[in-house]
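Work through the exercises below with the sequence and the model open. Try each task before you read its solution.

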Amino acid sequence: RDWSSDVCSSDLREFERVMREQAYGAEELAALTAELGRWLAVVTLFSSLVGALLVGFWWWLLADDKQGFGAQFRALTLGRWLGFTATGVVAIGLVFGTGLVQNLALLAWLAFLLQGLAVVHAIGFARRWHPGFVALLYLLFLPPLTVFVIVPVVVVGLLDTWRSEEHTSEL
């Protein structure tokens, strides 16, 4: 057994149950479950690292009596060149199944997720949403609703790459 299967065993058991209902073969099911376990471990590790980086930066600003973490996070963007490159990597990743391309595509998806979260925060701040709305978004990241939240946030991040620069000041 793979260590990533142990980390996410309850989610993988639920996935396995659903896949059995879809009449997948045992070999296909074992391969899909192992692959899902690896992806969950990578996403968890990346999310933990990015979260620690953002919290550490926020604490550093608080320790120096500086304001502005929220404004800096809301202004987060990949930029045109990196955003277009990441979009190309995602498109190539959807077509080709090689390991390197798939790994780079996962990093691009995670970058779009982070950018999408920044856009949601910026829109919420500009429209003076109650902080509970954004907190609800983060609660929806918990299983089993994770996929239903991550995909729209990634799409928001992806679309933000393609918007014109003059919209940045309008948020």
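Helices (H or I, at least four residues) and strands (E, at least two) are DSSP runs, numbered from the N terminus. By that rule, L82 is in helix α5 (residues 80–95).

The model is predicted: local features need pLDDT of at least 70, side-chain atom pairs count only at pLDDT 80 or more, and totals for chains, interfaces and linings use all residues. Residues are numbered from 1 along each chain as its sequence is written, and side-chain values use heavy atoms, with hydrogens and water left out.

**Exercise 1. Describe the overall make-up of the protein.**

Step 1. Count the elements. There are nine helices and zero strands. Along the sequence the pattern reads α-α-α-α-α-α-α-α-α.

Step 2. Look at burial. Buried means under 20% relative accessible area, exposed over 50%, and partly exposed in between (1.4 Å probe, protein chains only). Of the 171 residues of the protein, 26% count as buried.

Step 3. Look at contacts. Contact means heavy atoms within 4.5 Å. Take the contacts with a separation of 6 or more: residues 24 or more positions apart account for 61% of them.

**Exercise 2. Work out how α6 and α8 pack.**

Step 1. Recall the approach. Two packed helices are described by the angle between their axes and the distance between the axes.

Step 2. Fix the axes. They are lines fitted to C-alpha atoms, for helices over the stretch in contact, and angles run from 0 to 180 degrees between N-to-C directions.

Step 3. Read the values. The axes of α6 (residues 99–126) and α8 (residues 146–162) come within 7 Å and cross at roughly 85°. That makes α6 roughly perpendicular to α8. The classes are these: angles under 35 degrees are roughly parallel, over 145 roughly antiparallel, 65 to 115 roughly perpendicular and the rest oblique.

Step 4. Name the residues. α6 contributes W109, F112, L113, Q115, G116, L117 and V119. α8 contributes I150, V153, V154, V156, G157, L158, D160 and T161.

Step 5. Sort them by class. Ala, Val, Leu, Ile, Met, Phe, Trp, Tyr, Cys and Pro count as nonpolar, Asp, Glu, Lys and Arg as charged, and the others, Gly among them, as polar. The contact of α6 with α8 has 10 nonpolar, four polar and one charged residues.

**Exercise 3. Place L117 and D160 in their surroundings.**

Step 1. Start with L117. This residue is found in helix α6. L117 counts as buried because its relative accessibility is 9%. Leaving out residues up to four places away in sequence, L117 touches F73, L137, Y138, F141 and V153. L117 and V156 are 39 residues apart in sequence, yet their C-alpha atoms are 8.3 Å apart in space.

Step 2. Turn to D160. This residue is found in helix α8. D160 is buried, at 6% relative accessibility. Beyond its neighbours within four places in sequence, D160 is in contact with T77, Q115 and V119.

Step 3. Follow the link to T77. This residue is in the loop between α4 (69–74) and α5. T77 is partly exposed, at 44% relative accessibility. Apart from neighbours within four places, T77 is in contact with Q115 and D160. T77 and V119 are 42 residues apart in sequence and 8.5 Å apart in space, C-alpha to C-alpha.

**Exercise 4. Classify the aromatic pair of W129 and F133, and that of Y138 and F141.**

Step 1. State the rule. Rings of Phe, Tyr and Trp (its six-membered ring) pair if their centres lie within 6.5 Å; planes under 30 degrees apart count as stacked, over 60 as edge-to-face and the rest as tilted.

Step 2. Apply the rule. The whole structure holds four aromatic pairs. W129 and F133 form an edge-to-face pair, with 6.5 Å centre to centre and 70° between the planes. The rings of Y138 and F141 have centres 6.0 Å apart and planes at 40°, so this pair is tilted.

Step 3. Add exposure. W129 is partly exposed, at 36%, whereas F133 is exposed, at 54%. Y138 is partly exposed, at 35%, whereas F141 is buried, at 17%.

**Exercise 5. Find the residue with a positive phi in the loop between α6 and α7.**

Step 1. Locate the residue. R128 is in the loop between α6 and α7 (131–139).

Step 2. Check its backbone. R128 has a positive phi of about 60° although it is not a glycine.

Step 3. Check its exposure. R128 is exposed, with a relative accessible area of 75%.
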